[in-house]
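Hi there,

Here is the structure I promised to pass on to you. Have a look at it first, and then read on for what I found in it.

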Amino acid sequence: MPWATEQLPVPSVHGRNTTSLSLDDVYVIAEEKKVKKPFTISLPEGPKGVFTVATSKTKPWDNATLHMRRRKILAFAA
């Protein structure tokens, strides 16, 4: 996770997490948002968790963090 966002709280969702995203879906969304490769995909933790896509580049302007649930973007910093 980029140093500028590692202290930000990860969004959580209210209610049951009926995540219907696959890793392929998350990958496609990251590419649609033009997140530069390589990036990591973190899986939701618990029923209120979200997927997180993050990069860690040497140039800060190339970093990105993306939190999503289902096909909804909860937070995106690039």
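A word on terms before the findings: by a contact I mean heavy atoms within 4.5 Å. With that in hand, among contacts between residues at least 6 apart in sequence, 48% join residues at least 24 apart. Please keep in mind that this is a predicted model. The mean pLDDT of the chain is 78, and 76% of the residues reach 70 or more. Strand β1 (residues 40–42) has the highest confidence, at a mean of 93, while strand β4 (residues 72–77) has the lowest, at 78.

**Overall layout**

The chain has one helix and four strands, and from the N terminus on they follow one another as α-β-β-β-β. Of its 78 residues, 32% count as buried.

The four strands make an open sheet with antiparallel pairing, in the order β1-β2-β3-β4. Since β1 and β4 each have a single partner strand, they stand at the edges, so one side of each has no neighbour in the sheet. On average, neighbouring strands are turned by 15 degrees against each other, with direction ignored.

**Going across the sheet**

Starting from β1, the pairing with β2 is antiparallel and runs over three bridges. Within this pair, threonine 40 has alanine 54 of β2 as its bridge partner. Next, β2 and β3 pair over four bridges, in the antiparallel sense. Finally, β3 and β4 are joined by five bridges, again listed as antiparallel, and here methionine 68 stands opposite isoleucine 73 in β4. The hairpin of β3 and β4 has two residues between the strands, and arginine 70 in that hairpin takes a positive phi near 55 degrees.

Strand β3 (residues 65–69) deserves a look of its own: five of its five residues are buried. In a regular strand, side chains alternate between the two faces of the sheet. In β3 both faces are covered, with Thr65, His67 and Arg69 buried on one side and Leu66 and Met68 buried on the other.

**Threonine 52**

If you would like one residue to start from, try threonine 52, which sits in strand β2 (residues 51–54). Is threonine 52 buried or exposed? Its relative accessibility is 7%, and the cut-off for buried is under 20%, so threonine 52 counts as buried. Across in β3, histidine 67 stands opposite threonine 52, and the side chains of threonine 52 and histidine 67 make a polar contact at 2.8 Å. Threonine 52 also lies 5.0 Å from serine 42, C-alpha to C-alpha, although the two are 10 residues apart in sequence.

**The nonpolar core**

Which residues make up the largest nonpolar core? There are 11 of them: Leu21, Val26, Ile29, Ala30, Val35, Phe39, Phe51, Val53, Ala64, Leu66 and Met68. At least two residues of this core come from each of α1, β2 and β3, and α1 gives the largest share, three residues.

Two members of the core give a good view of it. Isoleucine 29 is found in helix α1, and at 5% relative accessibility it counts as buried. Leaving aside neighbours within four places in sequence, isoleucine 29 is in contact with Leu21, Leu66, Met68, Arg71 and Ile73. One of these partners, isoleucine 73, is 44 residues away along the chain, and the C-alpha atoms of isoleucine 29 and isoleucine 73 are separated by 9.2 Å. The other member, alanine 30, touches Val35, Phe39, Val53 and Leu66, not counting residues up to four places away in sequence.

**Backbone points to check**

The loop between α1 (23–32) and β1 holds proline 38, and a cis peptide bond joins lysine 37 to proline 38, with omega at about -5 degrees. Lysine 34 is also found in the loop between α1 and β1. What is the phi of lysine 34? It is near 60 degrees, a positive value in a residue other than glycine. With a relative accessibility of 69%, lysine 34 counts as exposed.

Best wishes

Technical notes
Residues are numbered from 1 along each chain as its sequence is written. This is a predicted model: local features need pLDDT of at least 70, side-chain atom pairs count only at pLDDT 80 or more; totals for chains, interfaces and linings use all residues. Side-chain values use heavy atoms; hydrogens and water are left out. pLDDT is the predictor's confidence in each residue, from 0 to 100. Buried means under 20% relative accessible area, exposed over 50%, partly exposed in between (1.4 Å probe, protein chains only). A polar contact is a pair of N or O atoms within 3.5 Å; within protein, one must be able to donate a hydrogen and the other to accept it, and residues adjacent in sequence count only if both atoms are side-chain atoms. Two strands pair if DSSP finds at least two bridges between them. A nonpolar core is a set of buried Ala, Val, Leu, Ile, Met, Phe, Trp, Tyr and Cys residues joined through side-chain atoms within 4.5 Å. Axes are lines fitted to C-alpha atoms, for helices over the stretch in contact, and angles run from 0 to 180 degrees between N-to-C directions.
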